[in-house]
Amino acid sequence: MTQNQSSPGLRILVVDDNRSASFMLCVLLKKLGHDAREANAARAALATVESWQPDLVISDVGMPIMSGHDLAREIRSLSGIRQPHLVAVTGSGEEEDVRDALAAGFDRHFTKPVGLEHLQAMVAELGSPKT
Amino acid sequence: MSLYDYSASLKRMAGDTGLLREMAGLFVADVPPKLEDFRRALKAGDLKSASKAAHALKGLALNFGAARACKAAEAMERGATSPQFDLAAASAELEESFAELLPALRKLAGDGLPPDAEAGAA
């Protein structure tokens with residue numbers, strides 16, 4: 001597997017209540033040379049964002065109890081951390097999904113299924129840690 | 001016609017047959033309890049929960065480009081809470097599509113081969 005040369009070793013948190021989806025993305029991200037962790041609920045993800053301070057958070061939107069939109073809003077309201085890039089992933093890519101994701105604080109929206117090429121695109125677009 | 005898209009799935013997983021098999025194994029483990037959630041919600045008349053279970057099933061099927069199962073789950077997810085929706089027909093389609101997909105992915109989890117591969121080939 002080719003190591004990503006532009007932004008190696010990013011810390012990336014994958015959030016999805018579908019554990020097989022988050023597992024797959026973590027495996028692929030590790031193949032690309034990144035340090036990837038997964039969370040299967042938004043609350044757990046929020047705690048990880050605060051403690052681990054990832055460069056990039058890739059999150060599902062349709063999660064029970066606390067949605068991906070709520071997670072994005074919570075992350076954006078955190079002070080005292082380096083704000084990560086936020087990417088929303090949803091099952092449909094309708095205009096409304098994209099608009100709602102951006103309004104909640106996401107930087108970018110991707111439509112499932114997400115695979116290797118999408119991850120490479122995310123890292124290429126958003127790979128530089130925010131200052 | 002294939003029940004799922006082997007080539008696209010493998011490509012998404014960086015050509016890693018081991019990962020593809022592992023993902024198929026997770027699918028086989030995760031789908032039956034989600035189907036149970038769906039049936040329980042439907043039986044209880046909790047259509048919001050039925051829609052959520054369908055959403056989860058769609059997410060699992062999307063990883064494999066399983067067109068019929070994805071379509072059935074999406075129809076249920078979107079339609080379950082609508083008054084004009086034919087719940088019985090959509091539910092039957094969802095059940096049938098996952099019932100035919102499960103053995104195919106159980107086979108994939110076992111041998112990692114495309115669905116049309118001859119036994120013993122590759």
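These questions and answers cover cores, cysteines and one helix pair in a predicted model.

In this predicted model, local features need pLDDT of at least 70 and side-chain atom pairs count only at pLDDT 80 or more, while totals for chains, interfaces and linings use all residues. Residues are numbered from 1 along each chain as its sequence is written, chains are lettered from A in the order in which they are written, and side-chain values use heavy atoms, without hydrogens and water.

Visitor: Which helix gives the most to the largest nonpolar core?
Guide: A nonpolar core is a set of buried Ala, Val, Leu, Ile, Met, Phe, Trp, Tyr and Cys residues joined through side-chain atoms within 4.5 Å; buried means under 20% relative accessible area with a 1.4 Å probe, protein chains only. The largest has 60 residues, and Ile58(A) and Phe98(B) are among those with the most contacts inside it. Eleven residues come from the top contributor, helix 2 (residues 17-43) of chain B.

Visitor: Is Cys26(A) buried or exposed?
Guide: The cut-off for exposed is over 50% relative accessible area. Cys26(A) has 4% relative accessibility, so Cys26(A) counts as buried.

Visitor: How many disulfides are there over all chains?
Guide: A disulfide is a pair of cysteine sulfur atoms within 2.5 Å. By this rule the count over all chains is zero.

Visitor: Are helix 4 and helix 5 of chain B roughly parallel or roughly antiparallel?
Guide: The axes, lines fitted to C-alpha atoms over the stretch in contact (heavy atoms within 4.5 Å), come within 9 Å and cross at roughly 150 degrees. Angles over 145 degrees count as roughly antiparallel. Helix 4 and helix 5 of chain B are therefore roughly antiparallel.

Definitions and conventions:
Helices (H or I, at least four residues) and strands (E, at least two) are DSSP runs, numbered from the N terminus. Axes are lines fitted to C-alpha atoms, for helices over the stretch in contact, and angles run from 0 to 180 degrees between N-to-C directions. Angles under 35 degrees count as roughly parallel, over 145 as roughly antiparallel, 65 to 115 as roughly perpendicular and the rest as oblique.
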